[in-house]
Amino acid sequence: MPPKKKFQQTQIFQPSAQPPPNKIRIYHDSNLKWSSPREIKKVIKNLNLGDADSYDIDLCFTPKLEDLLEAVQNDDNRRTKVIIATMTNNVKAHQPISKCQSLLQRAVNILKTQILGKNVIFLESPPSLNFDIFHYNKMAFQLCKKSGVVFSLNLLVRHHIKPDGLHIKAQCKHVMLESVAAAITGKEPYAMLGLIPSIRRPFF
C-alpha cells in the first residue's frame, strides 16, 4: 500500500501578539486634512503621552468610507496601528446607516487579517450642525465592540464647529489633534485631560 500523503496546511497569516507598533497610519477625511505628522507628534509630546519621536505617522486622505475600503485593500498595514477617522462625508450624503456599516465592516475585516483588533481604532466622527451623526457613531461603536476593535471618543462637540456646520473652527483644531493623540496612545481622551465626558444621546 503506498504511503499516505501528508496533509499540507494552507498558510494563513496570524497577526503576531507583539508590543503595540509605533508605525501609525491614519485614514482621515477633511477633518484632519489640515494637519501633519509633526503637529500630531507635538501634541503627544505636550501632553506627556510618551516618546513622540518614536512614532512614524502616515496620514492617508480617504474622504469617504468607499475610499477607506479601497485604501486598505491595497495598503500593507502589517505591524501598524491603524486609526480610522472618516465617515462624515457619507453621513453628509445621507448614505443609509446599513451601507456605512457594510463598508466599515469590510474595511475592518481586511485590517484584521494583517493586525490585531486592538491595533484597529475607529475615532468617533465629529458632530455637525447640519445633520445628526449620533446614530452613525453608535453603529460604529457597536461594530467595533462586535468585531473586537477599538472605538475612541472624540473631544469635539458642537461649539467647536464652524457656522458652515461641518468644519472645525481654526482655534479649536487642537481639540481634534488631542483626540487623535489619545487614540494613538490608547488613552481615554476625557480622563486624559481631566474632563467630564460629553453626554452622548442616548448613551453608547
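**Helix α4 and the core around it**

In this predicted model, the 15 residues of α4 should span 21 Å at 1.5 Å a residue, and the C-alpha atoms at its ends are indeed 21 Å apart, so expectation and model agree. The buried residues of this helix are Cys-100, Leu-103, Leu-104, Ala-107, Val-108 and Leu-111. Because they cover an arc of only 130° around the axis, they sit on the same side of α4. A general feature of helices helps here: an α-helix has 3.6 residues a turn, so residues three or four places apart point the same way. The cover over the buried residues of α4 includes α2, β3, α3 (88-92), β4 and α5.

One of these neighbours, α5, is worth a separate look. The axes of α4 and α5 come within 10 Å and cross at roughly 35°, and the crossing is right-handed. On the α4 side, the contact is made by Ile-97, Cys-100, Gln-101, Leu-104, Gln-105 and Val-108; α5 contributes His-135, Tyr-136, Met-139, Ala-140, Leu-143 and Ser-147.

The view can now widen to the largest nonpolar core, which has 30 residues. Within this core, Leu-68, Ile-84, Leu-104 and Phe-122 touch the most other members. At least two core residues come from each of α2 (65-74), β3 (81-85), α4 (97-111), β4 (120-123) and α5 (134-147), and α4 gives the most, with six. Leaving aside residues up to four places away in sequence, Leu-68 touches Tyr-27, Thr-62, Ile-84, Thr-86, Leu-104 and Ala-107. Apart from the largest core lies another, of 27 residues, including Ile-26, Val-43, Leu-49 and Ile-184.

Note on methods. Residues numbered from 1 in each chain as written. Predicted model: local features only at pLDDT ≥ 70, side-chain atom pairs only at ≥ 80, totals over all residues. Heavy atoms only, no water. Core = buried A, V, L, I, M, F, W, Y, C linked by side-chain atoms within 4.5 Å. Buried < 20%, exposed > 50% of the residue type's maximum accessible area, 1.4 Å probe, protein only. Helix = DSSP H or I, 4+ residues; strand = E, 2+ residues; numbered from the N terminus. Contact = heavy atoms within 4.5 Å. Expected span 1.5 Å × (residues − 1). Arc of directions from axis to C-beta. Axes fitted to C-alpha atoms, helices over the stretch in contact; angles between N-to-C directions. Left-handed = near helix turned anticlockwise from the far one by under 90°.
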